[in-house]
Each structure stands twice: as structure tokens, then as C-alpha cells.
Amino acid sequence: MDFRLMGLDSPLFNTLHHIMDLTDDSTDKNLNAPTRTYVRDAKAMAATPADVKEYPNSYVFVVDMPGLKSGDIKVQVEDENVLLISGEGKREEEKEGVKYLKMERRVGKFMRKFVLPENANVEAISAICQDGVLTVTVNKLPPPEPKKPKTIEVKIA
């Protein structure tokens, strides 16, 4: 849009034009916009409730995964200390002659990420899904043994 043709050729309008970047040559217009994947993952994380419990020897993560089978669920450890629980539910195929009157059940991507504490043993993780509830157990590492003082022999010169 050329403001000069409309009689708006003042420094104020030129500055506004520049700030608003109304030029047609706006190739980097959405450079800072979040990607679709990021938005989808953020929505999935916000919509996936979880409980986290600490026991003397483990951490337990309980996540609702309604309608998912064990093959539809992934439990992974990223970056050495981030527990990623994800899955995707799909709506059943529509049968001919049947139409939905209401669709309220949650389908789509389920996802949660948890930063594990330093004493989490990422080599000892188990996951069980029963009745649409996923329970992930992360065992704790044994506490480090207290360091004993090192005795140095004193020699006579």
C-alpha cells in the first residue's frame, strides 16, 4: 500500500508504515511465529493431566491415556534426564449410515515431559498401562556413600 498516493506522505505515516511493515515484500513476516508442531505439542502437554509421586526408592508418574493401547504409547528419556511420555489416540472410523451427534471424547496427541531429579536411575524405568492409566516408575539411584577421610602417612626425614 502506497500512502503517498492517498496524500499521507508525512514522516509520521512513513514511520508507521515502516513499523507495521505493510510492504508486500514481507518474506520473513512469520520468522518468529511458533511452528505448527510446537503449538500442537504445547496443546497436548496442557491437556494431558498427570500425577507425580515420590516413594523412598522411586518416582512414579501416573498419566491418563484414555483409549490408547500399549503400542500407541511411547515412554522415552531425552537429553539424559527428561522423561517424555507421549501417545496419539485416533477416532474410530465412521461406519456408513452412522453420524456423530456429539463428539466430546478427547482424541489426538497426548504428551508430557518431566525433568528427572539427579538421583533418578534412567537405566531402571518401567511402564505399565492398565484401564487407560499409564504408570511409569523410575527407580532412584542409591545415595552416594559418604567419603571417608584419606589418611596420609607422615614420614620422618
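**Figure 1. Ser 86 in strand E4.** Ser 86 sits in strand E4 of this predicted model. Ser 86 is buried, because its relative accessible area is 11% and the cut-off for buried is under 20%. Leaving aside residues up to four places away in sequence, Ser 86 touches six residues by name: Met 65, Asp 72, Ile 73, Lys 74, Phe 110 and Met 111. One of these, Met 65, is also listed among the residues with the most contacts inside the largest nonpolar core.

**Figure 2. The largest nonpolar core.** This core holds 15 residues. Those with the most contacts inside it are Phe 61, Met 65, Leu 83, Ile 85, Val 136 and Val 138. Four strands each supply at least two of the core residues: E2 (58–64), E4 (82–89), E5 (108–115) and E7 (133–140).

**Figure 3. The surroundings of Val 138.** Which residues does Val 138 touch, not counting residues up to four places away in sequence? Its contacts include Ser 58, Tyr 59 and Phe 61. Leu 83 is touched as well, as is Leu 116. Ala 120, Asn 121, Ala 124 and Ile 125 complete the list. Two of these contacts, Phe 61 and Leu 83, are named with Val 138 among the core residues that have the most contacts.

**Figure 4. Strand E2 and its partners E1 and E7.** E2 is mostly covered, with six of its seven residues buried. E1 and E2 pair in the antiparallel sense over five bridges. A hairpin of three residues joins E1 to E2. Asp 51 stands opposite Val 62 in E2. E2 also pairs with E7, again in the antiparallel sense, over seven bridges. Here Val 62 stands opposite Thr 135 in E7. Val 62 thus has a named position opposite it in both pairings: Asp 51 and Thr 135. In a regular strand the side chains alternate between the two faces of the sheet.

**Figure 5. The salt bridge between Lys 140 and Glu 54.** The structure holds two salt bridges. In this one, Lys 140 pairs with Glu 54, and the closest N and O atoms are 2.6 Å apart. Lys 140 lies in strand E7 and Glu 54 in strand E1 (residues 50–54), so the pair ties together parts that are 86 residues apart in sequence. Is each partner buried or exposed? Lys 140 is buried, with a relative accessible area of 18%. Glu 54 counts as exposed, because its relative accessibility is 54% and the cut-off for exposed is over 50%. Side chains of opposite charge can pair when their charged atoms come close.

**Figure 6. The salt bridge between Glu 78 and Lys 113.** The closest N and O atoms of Glu 78 and Lys 113 are 3.7 Å apart. The pair links distant parts of the chain: Glu 78 is in strand E3 (residues 73–78) and Lys 113 in strand E5, 35 residues apart. Both partners count as partly exposed. The relative accessibility is 26% for Glu 78 and 39% for Lys 113.

**Figure 7. Ile 128 in strand E6.** Ile 128 has its place in strand E6 (residues 120–130). Ile 128 counts as exposed, at 55% relative accessibility. Not counting residues up to four places away in sequence, Ile 128 touches Val 133, Leu 134 and Thr 135. Of these, Thr 135 is the residue in E7 that Val 62 stands opposite. Where does Ile 128 lie with respect to Ser 70? The two are 58 residues apart in sequence and 8.3 Å apart in space, C-alpha to C-alpha.

**Figure 8. The whole chain and the model confidence.** The protein has two helices and seven strands. Along the sequence, the pattern reads α-α-β-β-β-β-β-β-β. Buried residues make up 20% of the 157 residues. Of the contacts with a separation of 6 or more, 52% come from residues 24 or more positions apart. The accessible surface comes to about 13,200 Å², and 53% of it belongs to carbon and sulfur atoms. The mean pLDDT is 79, and 74% of residues reach 70 or more. Over residues 22–27 the pLDDT is below 50. This stretch has five contacts in the model beyond near neighbours in sequence.

How values were computed. Residues numbered from 1 in each chain as written. Predicted model: local features only at pLDDT ≥ 70, side-chain atom pairs only at ≥ 80, totals over all residues. Heavy atoms only, no water. Core = buried A, V, L, I, M, F, W, Y, C linked by side-chain atoms within 4.5 Å. Buried < 20%, exposed > 50% of the residue type's maximum accessible area, 1.4 Å probe, protein only. Contact = heavy atoms within 4.5 Å. Areas by Shrake-Rupley, 256 points an atom, 1.4 Å probe, with all protein chains shown as cover. pLDDT = per-residue confidence, 0-100. Salt bridge = Lys/Arg side-chain N within 4 Å of Asp/Glu carboxyl O. Pairing = 2+ DSSP bridges.
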